[in-house]
Amino acid sequence: MSHSNIAPVLPLRDVVVYPHMAIPLFVGREKSVRALTAAMQDDKRILLVAQKSADTDEPGVDDLYSVGTLASILQMLRLPDGTVKVLVEGGQRAEVIKVTEPGDHLVASFEPLSEPETSINEHEIDALMRSAVSTFEQYAKLNKKVPAELLPSLTAMDSAGRLADTIAAHLSLKLEDKQKVLEAADAKTRLELVLAQMEGEIDVLQIEKKIRGRVKQQMEKNQREYYLNEQMKAIQKELGENEDAPNEQEELAKKIEKSGMPKAAKDKARHEFNKLKMMPAMSAEATVVRNYLDWLTQVPWKARTKTRIDLDLAQAKLDEDHYGLEKVKERIVEHLAVQARVKKLNGPILCLVGPPGVGKTSLGRSIAEALNRKFVRMSLGGVRDEAEIRGHRRTYIGSMPGKLVQNLAKVKVKNPLFLLDEIDKMSNDSRGDPSAALLEVLDPEQNSTFQDHYLEVEVDLSDVMFVCTANTLNIPGPLLDRMEVIRLPGYTEDEKLNITKKYLTPKQLKNNGVKSGELEISDDAIMAMIRHYTREAGVRNLEREVSKIARKVVKQLLTHPELKQVKVTAENVDQYLGVQRFRYGLAEEKNQVGQVTGLAWTEVGGELLSIEAALSPGKGVVTQTGSLGNVMQESIKAAYTVVRSRAKVLGLDPAFNEKHDVHVHVPEGATPKDGPSAGIAMCTVMVSALTGIPIRADVAMTGEITLRGEVLPIGGLKEKMLAAQRGGIKTVIIPHENVKDLADIPDNIKGTLNIIPVRWIEEVLKTALERLPEPRVDAPPVVAAATTDESPRAH
């Protein structure tokens, strides 16, 4: 091997130099600098060999590739920091034979590699070269780093090997791929290799271009929104609209600190606020977080109204707004009395149950005013989604807190009075059961840590006073157990008279523009309205009738200017209200066989229930009609058995059931009726029909019956007594067990009714029938009297 095939070695990191390629290199390693110095002192030739790993600082023989490029040093410059900048130009490929280190730098013996003679024809080479140039043009369009002047020079090249080297030098390839091109001595193989690598790079660049396009589009959108927002701010500033407006985020931070949240809520708010600061202002996520923080700061964590402790003032306020309703008023004043002694007192949870129109909702507002609490009415009628109470989770678009938190934020105090209206009319479906969600709200032991799904922090509801209203006790048991039930059974005639004079008449005169002194409604006119134009437990229809009179009087005053005052009395009330709608005083009617008056409880108060029975020839079939429920049908069967078991005592043929069918009918057949309390009425009407003895028309009765003829207690006694009084009944038969309930009935009602408690059906018949039936001669003695001291079964 001649001396001319030995040259200093310069190991290269992350770069491969091809023949005919000029490239500047920065050299910092001492051995490499000494190799350059030795080459400059000799013939300026140096062998450029890529090292396999860029991390190796002292490369040995095994760390270098076996093929490199013999290059000439065109220029060398020493920099102040000790590194050397050198411009080299590749000459030809060379295979490294042996690497030694005789002195202070690497030296290698090498064998120049000339391009081998190829057997391929020129046309194939031309096709490959054209394909390579056109493919590189595609690559150059996607990769902007390729110099524009390179493409014309590629087209002018006539050497396939040089073309492949030039293209490879400008491709963004891995070191191993570039080295493969250098090691391919054959021009055809090199071109094919470069073509394949270009195809792969083009695919990658096209994907990059798509990604860049998407990112650019999003950035342009954000920049456009930012630009438009800045323009809007500038315009507002120019117009003087927004000069003093504080920074939104600063304002939010102040609200969080001033809100008085408990520690857990404040930590959550700060965490969300820090997230908000990192987000683009117009991003969807930022809007969600901002809305969340707005709700969190709107909840009244500390603010409260000072509740009134003056008992006399509260009592006066309640009396001013409502007549009667003593039990509710007494409970409210008791609450105030305890609060005067105890600093912290959970708000009571009351449930006002009564028919429509008795003033449940308006009473809630009066309680709030009496206690000096802010009033919030929340209707639960038809609510079927649990989220109405607990709120939606924040993962949903458009989510919000529940109505409880929303209303708290609206009144801005933590101790308002919440009126949960129509709590018995909630329903449930696949979205949850709102009545189950209310269990936590209405439990004094739990509602201090109420969890709203949207807020995700605990809200204290223990200072809130909850008043619920319902028409019936059709409320789930666990929910009913959490409430203090106060019944509002309905008003007596005296109460209705006072309510009309004190509240309804002044209100309707004001609403209809009737001035003071222009209209006078006498007491007997009001009583006529109560008896003949309304039949209800409350006063809603009565108020409509007063309003009707007021409207007609206003029209009369305007059409007859000479009129200065109109007096409405019982004699002329029909001129304003028309024909009487209801008959008053059933007691004036004739006693009937097979017709009895029962007393029923309905959602709108007590009602008189007319029950009829008739006989027809047959074989003992009992027919019942009138939309009767299962319980009432069973009462008819039980009553029929009682009659059969007492046939001889009642003077009946023991085989009467084999000769007669009995038909029991309850008029107003379209109205559904159910319940056990018509049992004694059913038995009485059957006895009357079978014996032909009339039933007294001025007697009404209520009570459940057993097969032994025992009379069991019933519910809704006050409503039934009010209905009896409204209907002109004189005598009311009630179960003996209900005597204790008479304490709740006003004295003026008890004074107008002859109330007879009974234990057995014989006592009922004695009072209700015009006369008792004659027993058959072969009848056994009646044993009922001997057992009257027995305690009736619990009902």
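Contact here means heavy atoms within 4.5 Å. The model is predicted, so local features need pLDDT of at least 70 and side-chain atom pairs count only at pLDDT 80 or more, whereas totals for chains, interfaces and linings use all residues. Residues are numbered from 1 along each chain as its sequence is written, and side-chain values use heavy atoms, with hydrogens and water left out.

**Exercise 1. Helix H9**

Task: State which residues of H9 are buried and what covers them.

Solution:
1. Helices (H or I, at least four residues) and strands (E, at least two) are DSSP runs, numbered from the N terminus. H9 spans residues 284–298, which is 15 residues.
2. The helix reaches 21 Å from its first C-alpha to its last, close to the 21 Å expected at 1.5 Å a residue; the expected span is 1.5 Å times one less than the number of residues.
3. Buried means under 20% relative accessible area, exposed over 50%, and partly exposed in between (1.4 Å probe, protein chains only). In H9 the buried residues are Ala286, Val289, Arg290, Tyr292, Leu293, Trp295, Leu296 and Thr297.
4. The cover over these residues includes helix H7 (248–258), helix H8 (263–278) and helix H14 (403–411).

**Exercise 2. Lysine 414**

Task: Determine where lysine 414 lies and whether it is buried or exposed.

Solution:
1. Lysine 414 belongs to the loop between H14 and strand S9 (417–421).
2. Its relative accessible area is 13%, so lysine 414 is buried.
3. With neighbours within four places in sequence left aside, lysine 414 is in contact with Pro300, Trp301, Lys302, Ala303, Arg304, Leu408, Asp460, Asp463 and Val464.

**Exercise 3. Threonine 534**

Task: Locate threonine 534 and list what it touches.

Solution:
1. The loop between helix H18 (523–533) and helix H19 (540–559) holds threonine 534.
2. Threonine 534 has a relative accessible area of 3% and is therefore buried.
3. Not counting residues up to four places away in sequence, threonine 534 touches Met529, Asn541, Leu542, Glu545 and Phe582.
4. Arginine 581 is 47 residues from threonine 534 in sequence, yet the two are 7.6 Å apart in space, C-alpha to C-alpha.

**Exercise 4. Strands S18 and S19**

Task: Describe how S18 and S19 are joined and give the hand of the crossover.

Solution:
1. Two strands pair if DSSP finds at least two bridges between them. Strand S18 (residues 622–625) is joined to S19 by 4 bridges, and the strands run parallel.
2. Valine 622 has valine 662 as its bridge partner in S19.
3. From S18 the chain crosses through H21 to S19, in a β-α-β crossover that is left-handed. A right-handed crossover is one in which, with the strands pointing away from the viewer, the path from the first strand over the helix to the second runs clockwise.

**Exercise 5. Cysteine 468**

Task: Explain why cysteine 468 forms no bond with the closest cysteine sulfur.

Solution:
1. A disulfide is a pair of cysteine sulfur atoms within 2.5 Å. A search of the whole structure finds 0 disulfides.
2. The closest cysteine sulfur to that of cysteine 468 is in cysteine 351, and because the distance is 5.4 Å, it is too far for a bond.
3. Cysteine 468 is buried, at 0% relative accessibility. Cysteine 683 is also buried, with a relative accessible area of 2%.

**Exercise 6. Helix H23**

Task: Establish how many residues of H23 are buried.

Solution:
1. Helix H23 (residues 717–726) is mostly covered, with 10 of its 10 residues buried.
2. Among them are Leu717, Met721, Leu722 and Arg726.
3. After H23 comes glycine 728, whose phi is positive, near 80 degrees.
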